[in-house]
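Hi,

Here is the structure I promised to pass on. Have a look below, and then read on for what turned up in it.

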Amino acid sequence: MALRFYNTITNKKEDFVPLEKGKVGIYVCGITAYDMCHIGHARSAVVFDVIFKYFKYRGFDVTYVKNFTDVDDKIIAKANAEGTDIIEISERYIKEHNKDMDKFGIARPTITPKATENIQGMIRLVSDLIEKGLAYVVDGDVYYSVKKFQGYGKLSGRNIDEMMAGARIEVDEKKKNPLDFILWKSAKEGEPWWVSPWGRGRPGWHIECSVMSQRFLGETFDIHGGGRDLIFPHHENEIAQSEGATGKTFARYWIHNGFIRVNQEKMSKSLGNIFNMREAMERYHPEVLRMFMLHSHYRSPVDFSEESLADARLGMERFYDTLRNIERYLAMDVDFSAVSPRNLTSGDEEMYNKIRSLPERFIEAMDDDFNTARALGYIFDAVRVINGYYTDKTFKATKESLFVLNEGKTIMREVGNVLGLFMEEPDEYFEQDRRREAEKLGLDIDEIESLIKERWEARVARDWRKADEIRDLLISKKIILKDMHDRTSWSVA
RNA sequence: GGCGGCAUAGCCAAGUGGCUAAGGCAGCGGUCUGCAAAACCGUUAUUCACCGGUUCGAAUCCGGUUGCCGCCUCCA
């Protein structure tokens, strides 16, 4: 079956046929580097990170380009406010971006170009558009003449006349048409500039993506992505610029991710309901945040709330609990290296085959518009099957059964690699989780552990009353105990 | 004002023409356990906002109603 996904420009799911067999080129609009990343940036990053990794998993040779906008009004404003230049500001936030993204388990894209490294290319493209009659110069500014481009509006599903009837179009004396957008801005006092045929100035926002995508992926390339809000005007304008200049199709497939909402509203600076990535990662393990995002389809909006994060945390706990149990068995030091699927007998063989079916189910889900929610459902199925296997009374740790359990771990890691989940050692995961949760509740870990030790001694002495008293005390502090044959583990409810 | 999206159990969430409407959380009954917790087994939507229509057949397609949201301004 073919990999298919929703293409914004046609409004339907389509089979993916790459330009060149076995290869895929993806361009995604990255951040404007003037502030810390918030979880909305994280969602977009996760969506395309998973798409990037999935293409690789399916054997594609992927070139993934994600840019940094490092010259822009907001960066200039911040630089002026701090009495520094745009380079310092953008460098600072690119560094912070990389720190956050690394911690979030986002793989670095193949190429991460910056706008300021591509100014000459932008000047060439703008000149080209002027020559073709698609752009005009007014007092050192260059505008794109929207009416001159036939396909304007084809991505966002609008037409120029309808938009003209709209009530919220700014009036700019210099523009021939209110919808015309700026390609090159003349420099004002205190602004950075580059020399151009139209005088000193700097590029408009949209032009950089046309230039950098073409430079690294070609005039026509496979996939262009970004957040939903970029469809109009940003991506619409990129099409106008690129196709206007080359006369060729720009991106063949468009992928747009949905937003993170807070209380049913879009998370945005103007509403003041932003959660930044760093703070979110202090409160939740990055994989919990990924789980929360991946549990809904990438095009749907998702509501960021304590409840949904708590849900995602419980889900991760379930996954890691299974992985931890598998690890315990594998630590039994039984050599199963000589075992092959062929010398398994009935029960083990059946289980092995069930476990082995996970990757194909995972592919079936992911091939259908990157359906991570369905894929997660399949992983939960696999976890239930594995848990049932080793908790069955007849289960014995033999080299065959450990071989099967090891396969379960391998398979979970295999699909987890694509989703960016289960990257942690289970014990380390739970350790981190306890620390994080204890901190949220202001609990003292040493105190908890000494109480648990005391209770363990009471249990060894079969002093159930004392043991239960201690447990009740801990429960009142939201500490849940789990007695195992050799020790008691704990977690925060 | 223009354009577009969404509405599935107590909650989150897949499913977009046809086997019993995935999965997670919570709940209930059981197994296990000193008792718990976790795990496992069973159970929890005759029904997919509402009203009509198309079809042998619709949560899925069409029309209408209601509600929520997004884009049209920087925005992932």
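Leaving out residues up to four places away in sequence, A240 touches Y144, F149, Y152 and F181. Keep in mind that this is a predicted model. A240 sits in helix α7, and with a relative accessibility of 0% it counts as buried, because the cut-off for buried is under 20%. If you want a long-range pair to look at, take A240 and T410: they are 170 residues apart in sequence, and their C-alpha atoms are 47 Å apart in space.

Helix α7 has another feature to check. It covers residues 231–246 and includes P233. The peptide bond leading into that proline, from F232 to P233, is cis, with omega near 0°.

On to the overall layout. Chain A is divided into domain 1 (4–283), domain 2 (327–427) and domain 3 (443–492). Between domain 1 and domain 2, the C-alpha centres lie 41 Å apart. The contact between these two takes 12 residues from domain 1 and 13 residues from domain 2.

There is also a sheet to look at. It is open, has four strands in the order β4-β3-β9-β10, and its pairing is parallel. β4 (61–66) and β10 (251–257) are the edge strands, each pairing on one side only. From one strand to the next the twist averages 20°. Strand β9 (residues 221–227) runs parallel to β10 and is joined to it by six bridges. To find your way along that pair, start at I223, whose bridge partner in β10 is Y253.

Next, helix α16, which is worth going through step by step. Does its length fit what 13 residues should span? At 1.5 Å a residue α16 should span 18 Å, and its end C-alpha atoms are indeed 18 Å apart, so the two agree. Which residues of α16 are buried? They are A467, I470 and L474. These cover an arc of only 65° around the axis, so they are on the same side of α16. The spacing makes sense in general terms: an α-helix has 3.6 residues a turn, so residues three or four places apart point the same way. The face turned away from the buried side carries R465 and S476, which are exposed. As for what covers the buried residues of α16, α15 (445–460) and β14 are included.

Finally, two backbone oddities. Just after α16 comes K478, with a positive phi of about 70° although it is not a glycine. K478 is found in the loop between α16 (464–476) and β14 (479–483). It counts as partly exposed, because its relative accessibility is 42%. The other one is F370, again not a glycine, with a positive phi near 50°. F370 lies in the loop between α11 (346–367) and α12 (372–391). Buried or exposed? F370 is buried, with a relative accessible area of 2%.

That is what I have for you.

Cheers

How values were computed. Residues are numbered from 1 along each chain as its sequence is written. Chains are lettered from A and ligands numbered from 1 in the order in which they are written. This is a predicted model: local features need pLDDT of at least 70, side-chain atom pairs count only at pLDDT 80 or more; totals for chains, interfaces and linings use all residues. Side-chain values use heavy atoms; hydrogens and water are left out. Buried means under 20% relative accessible area, exposed over 50%, partly exposed in between (1.4 Å probe, protein chains only). The expected span of a helix is 1.5 Å times one less than its number of residues. The arc is that of the directions from the helix axis to the C-beta atoms. Contact means heavy atoms within 4.5 Å. Two strands pair if DSSP finds at least two bridges between them. Axes are lines fitted to C-alpha atoms, for helices over the stretch in contact, and angles run from 0 to 180 degrees between N-to-C directions. Domain bounds come from an automatic or database domain assignment.
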